[in-house]
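Welcome, and thank you for taking a look. Below is a short guided walk through the model, one chain at a time.

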Amino acid sequence: MNQSARNGWLLSLPALILLVVGAAGPLLIVAVYSFLEPGDFSGVEWSFTTEAWFRVFFERDIFDDTVSAADAHLTILWRSVKLSLLTTLVTFVIGFPTAWFIATQPPNRRAMWLFLITIPFWTNLLIRTFAILEVIRNQGLLNSFLQWLGLIDAPIQILYTDGAVLIGMAYVYLPLMVLPLFAAIDRFDFRLIEAAYDLYASRLLVLRRIIVPIVRPGIVAGSILVFVPSLGAYVTPRILGGGKNMMIGNFIDLQFGQGRNWPLGAALSMLLLFIVMAALLAYVRVTSSEDRQNV
Amino acid sequence: MSERRAKPFSITAMPGFATIAILAFVLLYVPIITMVIYSFNASNSVALWGGFSFRWYAIAWENDTVQEATVRSLVIAVSAALIASTLATLAALGTTRRKKFKGQTFVYVMINQPLMVPEIVTAVALLIFFAAIKKATGYTGLAYLILAHSAFCVPFAYLPIRARLEGMDLTLERAAADLYATPFQTFRRITLPLMAPGIAAGAMLSFVISLDDVIITEFVKSAGQDTLPTYMLGQLRRAVTPEVNAISTALLGLTVLLLTAFFLLTRKRG
Amino acid sequence: MKLVLTSALAIAAATAATAEGKLNIYNWGNYTSPELIEKFEKEFDVEVTITDFDSNTTALAKIEAGGHGFDIVVPTHSYVPTYIEKGLLMKPGIPEMENYKNISANWKEVDWDPMREYTVPWQWGTTGVAVNTSAYGGDINTSDIWLNPPPELEGKVNVVPEMQDVVSLALMYVGGEPCSTNKDDLKKARDALVAAKAKWLSMDYGMTEKLSNGDVVATVNWNGSTFRARENNPDVAYGYPKEGYIVWMDNVGILADAQNPDNAKLFVNFIMDPENAAMISAFARYANGIDGSEAFMPPEMKDAPEIVVPEELKAAGKFNPACSDEAKEYYNAIWTELQK
C-alpha cells in the first residue's frame, strides 16, 4: 500500500470505527438474533432455530396446529408497501409542480422559495406529525372548519385511519420529493422547450416527451427518498394510526415490547432491510443506465 | 403570431402548476403556523382561543422534566456534533484530494450507511447491542446515546466538509510548502482555516439532526434519559397539550435559527 | 467559539444535576401524583425521575432486558409472581417498615405476594368500559360495547392494549373464567376478539384525555381514568360489564438491580402513610388499600359511580388471579394473534 492510500485509510479509520460500533456492526447481531429462540419475556435463548423466519411467512393456529400463510404479516407488509407507494405518488403529484414553480422563479426569489421548502425538511418529524394531528383530529382545525361551514354535522373520523397515516406521511416527506426534483429541473435547458414550441408541440406533448424524460433521474431520486423512509416509518403511523393499523416499523417495535418476540422482530427488521436495499439497487441501476445514455 | 395572444407566451409556464405550488406551500405551513399560534394560547384547551399569552412557555419551562430533557438534548447534540464533525473532517481529508485508493468505495458506503438503513432497523440493532453491554457492565449513562447520535450524524457532517474541501484552491497550500512550512503547519495555518466554514456547517447540521432524533433515542435511552423529542412522544401518545405546542415552537425556532446561520455560512463560499 | 461555550455550560449544568440522591420510578403513564413526588423530594432531598409505561408486558419486557436503570416498578398483581420468579424484585424488609401496619387487612395477605415481602399496595380498581353517552344511549354495563359493538359505536371503539385485562374480559364474556385452560373457552374468546377487532378504531392508551376531548367515544378502560375523564366531560360514563369485569391491584416493588435501593425503601415506606396514600388516590382517582387514608380523601371520591359498584353488579367483578404457566402461554398466544 502506498503512502497516500495508507493516510487515506488512517484518516478515515476513526469515523469507520464509530460507524461500525454505533450503526453497521449491530446489524450483524440482528441477523444472528433472527435465528435464535425468543426468551420468556424479552431477549433470546441461545439455541439455533429458523422458527422466527418461518413465522414471518407462515402461522400456526394456537389450538389445532394447522399451518397457513401468515396473512396478518402479509397484510401489514402490504399496507406498508401500499401506503409508501401512495405517499410517493401523492408527493410526486404535488411536488413536481412545486419544484417546477421554484425552478422557474427569478434567481433572487428562487433562494427564498427553496429555503421555505427546506425548513420543514430539517424540522423535527415529530413536531410536523404533531402539527398535522392537530389539524385532522375530531375536534381539530379541519373538522371544526367543515362544521362551521355547515358541510358536515358530526366530525369525520380521519385520525387513526390509514388515510390519516397517508396524509401525515405525504406531509412530512414532501420536501424530500421537491428537493431532488428541483435539482433536476434547475439544470434543465429551457431552450429545448422553446424549440419544441417552435415546432408546434402542445404543452402536454412537451411535458411528456421532453420534460419528463430529462428530469427522470430527479423523479427516481425523489421517489426513492420518499419511498424508503415511508416504508420504515414509525413515528407517523404510531401517532396517527392508533396502534391498530400498524406499519412494518411499528410491528417490529411491538416485537421488542408487548410482542416479546425479539427473534421475530429481528427477522422482520432484516426483511425490511432487504426490501430497502433492493429498492436502492434498482435506483442505482436506473440512474447509472441514465448516465450512460446521457454520455 | 404572438400579437394574437392576450398574454405573452411563457415557455416555462404550465397550466395549474403555480396554483398547485402555492397550495403546497400553504398546506406545508398551515399546520406549523397553527401550532405556533396556539402555543401562545392562554386557554387550557388546544382547540379554543383564549387570548395571547406566554403562559405555556412559562409552564413548560418550570416543568423539571422539560428542563432536564432540554439540558440532556443539548448535551447529546453538542457532543454528537463535536465528535461527528471531528471524525468527518478526518475522513474527508482522507477521501478527497488524493488518488482514489483501494477500498475507498467501502469507506463511502460505510459513511453513508446511516442514510440508507431505515432508522427503525438501526434502532432495533442498537437496542439489542446496548442492552447486552448495559447488562454486562452495569453502566447506563449518556454515553450510549452520544455514541449512537455521533454515528448517525457522521454523514451529515461529512457532506458539507467534503464539498468545501473539493472546492478549495490548492495554490495556498503549495505556496506554504514552497516556503518550507511543515505539513502540520500548513494544515493548521492554511487548510484548517479554509475548511472552517464547511466544518461549522457540518457541525451545525449534525447538531440539528441530533436534536431532532426520536426513534433511535427512544430505543437506546435508559431510565430517566428522555430528550425533548422522546418526552414529547410520551406526552403525545396521551394527549395534545398546549405545553407540547410551546416546546415544539421553541425547538422549531432554534432549528430555523441554526439553519439560517448554516445558509449564510455556506453562501459566503460563492 | 459560541458552540464550545454553550456545550461547556450544558455539560456543567448536567453534571450539577446528577450530584444528589436519585430515584428512578417506572410507572404507568399519568398515574403518579406530582404533589406526592414533590413532597417526597422535599422531605428526603432526593431527585425523582418518572418514566411511563403503557402496559404490563412492555414494562416486564424492558425490565427483563436489563440495563434499564430503574429502581421502582409498579406492576399489576397478576404480574407480581412472574417478577418474583424471575428474581427481578428484592426483599426490602417491608414487614419491618414503620408504615407497614397501615396496609388494610384484606390487602396484607394476598396470594400474589403472600407475606408482602416484595411489594406494597399502590392503588386498586376495576377494568370495565367507558362510553360517551352523547354517542350511545343504550345499556353500557356490558362487554357487548367492545366485543359486539352496537351500530352507533362500530368502528369507534378503542381497546386499551393490556393483555391480562383484555383476554380475561373476553373469557368471561364467552362464559369462561379468567386464567382458564379450557381450550373451548379460550378458542371462543380468541374468535370473539379477532372478530371484534375489525370493528375497533384503535388499540391505544391515554384514554383519560382522549375521552375528555372527544377523540374516543367508547373504550375498554379503568375506573379511575374514566372518573377523571368524566370530571372534564360530564357525558362520559363508566360501565361494569355484567358478563364479568376485572378487579385488580397495582403494587410497588423495588427492583433487584436498583441503583438507589435506599431511596427506594424510603419511598416504599413513604407511600404507606395514609396522608400520602390519599394524595395518590386524589390524583389518579383509584382506591389505595391503606387504612386511615379515607380521612384525607377528597369528598367527591366517596360517592363517585366509578368507585361505588352498583349492588346488582357486585357479583360480576372477578379478581384476576395469577395465571398458571399453561394459561399464561394461551394468553400470550391469543394476544400475539390479536396484535397482528
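Two strands pair if DSSP finds at least two bridges between them. That rule will help with the strands of chain C below, and please keep in mind throughout that this is a predicted model.

**A strand with three neighbours in chain C**

Let us begin with strand E9 of chain C, which spans residues 245–254. Is this strand enclosed or open? Because 9 of its 10 residues are buried, E9(C) is largely enclosed by the rest of the structure. The table lists pairings of this strand.

| Strand paired with E9(C) | Residues | Sense | Bridges |
|---|---|---|---|
| E3(C) | 72–73 | antiparallel | 2 bridges |
| E4(C) | 119–132 | antiparallel | 8 bridges |
| E10(C) | 317–319 | parallel | 3 bridges |

You can find individual partners in the 3D view. Ile254(C) in E9(C) stands opposite Ile72(C). Trp248(C), also in E9(C), is the bridge partner of Gly125(C). On the side of the parallel pairing, Val247(C) faces Phe319(C), which belongs to E10(C).

**A covered helix in chain C**

Next, look for helix H7 of chain C, at residues 163–173. How many of its residues are buried? The count is 11 of 11, and the helix is mostly covered. The buried residues include Met163(C), Asp165(C), Leu169(C) and Tyr173(C). Just after H7(C) comes Gly175(C), where the backbone takes a positive phi of about 95°.

**The two domains of chain C**

Stepping back, chain C is divided into two domains, and each is made of two stretches of sequence. Domain 1 takes in residues 2–123 and 249–301, while domain 2 takes in 125–247 and 309–339. The C-alpha centres of these domains of chain C lie 27 Å apart. Their contact takes 16 residues from domain 1 and 16 residues from domain 2. On the domain 1 side of this contact in chain C there are 5 nonpolar, 8 polar and 3 charged residues.

**The two domains of chain B**

Chain B is also divided into two domains: domain 1 covers residues 15–53 and domain 2 covers residues 63–268. Here the C-alpha centres are 31 Å apart. How many residues of each domain of chain B are in contact with the other? Domain 1 contributes 6 residues and domain 2 contributes 6 residues. The side belonging to domain 1 of chain B has 4 nonpolar and 2 polar residues, with no charged residues.

**Chain A and its annotations**

For chain A, an unreviewed UniProt entry places the feature "transmembrane region" at residues 12–36, 83–102, 114–136, 156–185 and 264–284. What does the model show over two of these stretches? Residues 12–36 of chain A are 88% helix and 4% strand, with 35 Å between the end C-alpha atoms. Residues 264–284 of chain A are 100% helix and 0% strand, and the end C-alpha atoms there are 30 Å apart.

The unreviewed UniProt entry also gives the annotation "domain: ABC transmembrane type-1" for residues 77–283 of chain A. Over that span of chain A the model is 79% helix and 0% strand, and the end C-alpha atoms are 21 Å apart.

**Where chain A touches chain C**

Finally, chain A and chain C touch: 20 residues of chain A are in contact with 24 residues of chain C. The chain A side of that contact has 7 nonpolar, 10 polar and 3 charged residues.

Definitions and conventions. Residues numbered from 1 in each chain as written. Chains lettered and ligands numbered in written order. Predicted model: local features only at pLDDT ≥ 70, side-chain atom pairs only at ≥ 80, totals over all residues. Domains from an automatic or database assignment. Contact = placed C-beta atoms within 7 Å. Nonpolar A, V, L, I, M, F, W, Y, C, P; charged D, E, K, R; others polar. Buried ≥ 20, exposed ≤ 12 C-beta atoms within 10 Å, placed from the backbone. UniProt positions renumbered as here; feature names shortened; annotations may be inferred.
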